[in-house]
Amino acid sequence: MLARAEQDTLAPGLDTLAREAEALTRVLHALEEEHDALVSSDAQRLESAIADKNSALEGYMTAKSARESEGIAQNLQASVANHPQLSAGQRATGVELASTIRTAGESCKTLNHRNGMLISALRDRTQQAINIVRGNDVGVTLYGQQGDAHLDGGSRVLGTA
């Protein structure tokens, strides 16, 4: 990532790319925090991570929109490498920023997919537990007062959620 002083000297299009790369990096960190909160089953930390992720996504979408409004919408590396108003050094910086954006975007996609799979598994386990407590789960073995097994799960609800 570029130092703040370096960003101030960039051409306007590169400054936009730098802001987008920074915003996407924030999204990446927020997704990592979300995963850690999910794994640790920390509801308060998860709420905070989701709020951070939503804020970071909003910042990224704003930065992406600004870049697209400057006419840099597709194939960032080629657009920067062939930009007629950039010096060779600025082009190199732009290509590096475009690469950072691409790599961070791919990582965000992977982490978001991983978090989604984890959320799905946690939801399934929670639903299973609710079904057991409600007596709706088929194949659950409960034991009666005499120690005899009831494979049908019994007819009583163990509790309500």
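Here is a short walk through this predicted model, one selection at a time.

**Whole chain.** Start with everything shown as cartoon. You should see five helices and two strands, and from the N terminus on they run α-α-α-α-α-β-β. Switch to a surface: the chain exposes about 10,300 Å², and carbon and sulfur atoms supply 51% of that. Of the 161 residues, 27% count as buried. If you like contact maps, take contacts between residues at least 6 apart in sequence: 58% of them join residues at least 24 apart.

**The core.** Now select Leu-17, Leu-24, Val-27, Leu-76, Ile-101 and Cys-108. These have the most contacts inside the largest nonpolar core, which has 23 residues. Colour by element next, since α2 (12-39), α3 (43-69), α4 (76-81) and α5 (88-134) each give two or more residues to this core. Which of them gives the most? That's α2, with nine residues. As a general backdrop, nonpolar side chains tend to be buried together in soluble globular proteins.

**Zoom in on Leu-17.** Keep Leu-17 selected and hide its neighbours within four places in sequence. What is left in contact with Leu-17 is Arg-67, Leu-76, Val-80, Gly-94, Leu-97 and Ile-101.

**The α2-α3 loop.** Move on to Ser-41, which sits in the loop between α2 and α3. Check its backbone: phi is near 55°, a positive value in a residue other than glycine. Most residues other than glycine have a negative phi. Is Ser-41 buried or exposed? Ser-41 has a relative accessible area of 63%, and anything over 50% counts as exposed, so Ser-41 is exposed.

**Into α3.** At the start of α3, pick Asp-42: one of its side-chain oxygens reaches to within 3.3 Å of the backbone nitrogen of Gln-44. Then put a distance label on the end C-alpha atoms of the helix. They are 39 Å apart, and because 27 residues at 1.5 Å a residue should span 39 Å, the two agree.

Colour the buried residues of α3 next: Leu-46, Ala-49, Lys-53, Ala-56, Tyr-60, Ala-63 and Arg-67. Arg-67, in that buried set, is also one of the contacts of Leu-17.

Ala-51 is in α3 too, but its relative accessibility is 45%, so Ala-51 counts as partly exposed. Draw a C-alpha to C-alpha line from Ala-51 to Glu-34: they are 17 residues apart in sequence and 9.7 Å apart in space.

**Last stop.** Follow the chain past the end of α3 to Gly-71, where phi is positive, near 90°.

How values were computed
Residues numbered from 1 in each chain as written. Predicted model: local features only at pLDDT ≥ 70, side-chain atom pairs only at ≥ 80, totals over all residues. Heavy atoms only, no water. Core = buried A, V, L, I, M, F, W, Y, C linked by side-chain atoms within 4.5 Å. Buried < 20%, exposed > 50% of the residue type's maximum accessible area, 1.4 Å probe, protein only. Helix = DSSP H or I, 4+ residues; strand = E, 2+ residues; numbered from the N terminus. Contact = heavy atoms within 4.5 Å. Areas by Shrake-Rupley, 256 points an atom, 1.4 Å probe, with all protein chains shown as cover. Expected span 1.5 Å × (residues − 1). Polar contact = N/O pair within 3.5 Å; in protein donor to acceptor, adjacent residues only side chain to side chain.
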